[in-house]
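Biologist: Before I rely on this model at the bench, I would like to go through it with you and hear the reasoning behind each label. Could we begin with the helices?

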Amino acid sequence: DLEFPGDTVYCSPHRRTIETVCYMLESHPNKHQLNIVVLPLAKEGLCSFGSVPILVSELKNEFQKKVIK
């Protein structure tokens, strides 16, 4: 079980990072009360296709469905 001291989860805009956050929160009992904040500056250097940030509109369409069920 994951427990967070707050109500906000921060992550980088990389697709693989957002996928990991979604996976981690999938079974969290309070997932609907947590805020996910994508920070554009919280990223590594470009090193592979999975490192390419996605557009905000794509991010919302793809990952909102995975977190909010």
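Biologist: Which residues of α1 are buried, and what puts them on the same side of the helix?

Modeller: In this predicted model, the buried residues of α1 are Ile18, Val21, Cys22 and Leu25. They cover an arc of only 100 degrees around the axis, and therefore they lie on the same side of α1.

Biologist: What makes up the largest nonpolar core, and which elements give two or more residues to this core?

Modeller: The largest nonpolar core has nine residues in all, namely Val9, Cys11, Ile18, Val21, Cys22, Leu25, Leu34, Leu59 and Phe63. The elements that give two or more residues to this core are β1 (8-11), α1 (15-25) and α2 (56-67), and the largest share, four residues, comes from α1. As a general background, nonpolar side chains in soluble globular proteins tend to be buried together.

Biologist: Why is Cys11 called buried?

Modeller: Buried requires a relative accessible area under 20%, and Cys11, at 5% relative accessibility, therefore counts as buried. The same cut-off of under 20% applies to Cys22, which has a relative accessible area of 6% and is therefore buried.

Biologist: Why is there no bond between the sulfur of Cys11 and that of Cys22?

Modeller: A disulfide needs two cysteine sulfur atoms within 2.5 Å, whereas the closest cysteine sulfur to that of Cys11, in Cys22, is 7.9 Å away and therefore too far for a bond. Cys22 is likewise in no disulfide, its nearest cysteine sulfur being that of Cys11, and by this rule the count comes to zero disulfides.

Biologist: Why is Val38 called partly exposed?

Modeller: Partly exposed lies in between the cut-offs of under 20% for buried and over 50% for exposed, and Val38, at 27% relative accessibility, therefore counts as partly exposed. Val38 is found in strand β2 (residues 35-38).

Biologist: With which residues is Val38 in contact, leaving aside its neighbours within four places in sequence?

Modeller: With those neighbours left aside, Val38 is in contact with Cys11, Ser12, Pro13, Ile18 and Leu59. Val38 and Ser12 are 26 residues apart in sequence, while their C-alpha atoms are 5.5 Å apart in space.

Biologist: Which of the elements has the highest mean pLDDT, and which the lowest?

Modeller: Among the elements of the protein chain, β1 has the highest mean pLDDT, 88, and α2 the lowest, 71. For the protein chain, the mean pLDDT is 75, and 70% of its residues reach 70 or more.

Terms used. Residues are numbered from 1 along each chain as its sequence is written. This is a predicted model: local features need pLDDT of at least 70, side-chain atom pairs count only at pLDDT 80 or more; totals for chains, interfaces and linings use all residues. Side-chain values use heavy atoms; hydrogens and water are left out. A nonpolar core is a set of buried Ala, Val, Leu, Ile, Met, Phe, Trp, Tyr and Cys residues joined through side-chain atoms within 4.5 Å. Buried means under 20% relative accessible area, exposed over 50%, partly exposed in between (1.4 Å probe, protein chains only). Contact means heavy atoms within 4.5 Å. pLDDT is the predictor's confidence in each residue, from 0 to 100. The arc is that of the directions from the helix axis to the C-beta atoms.
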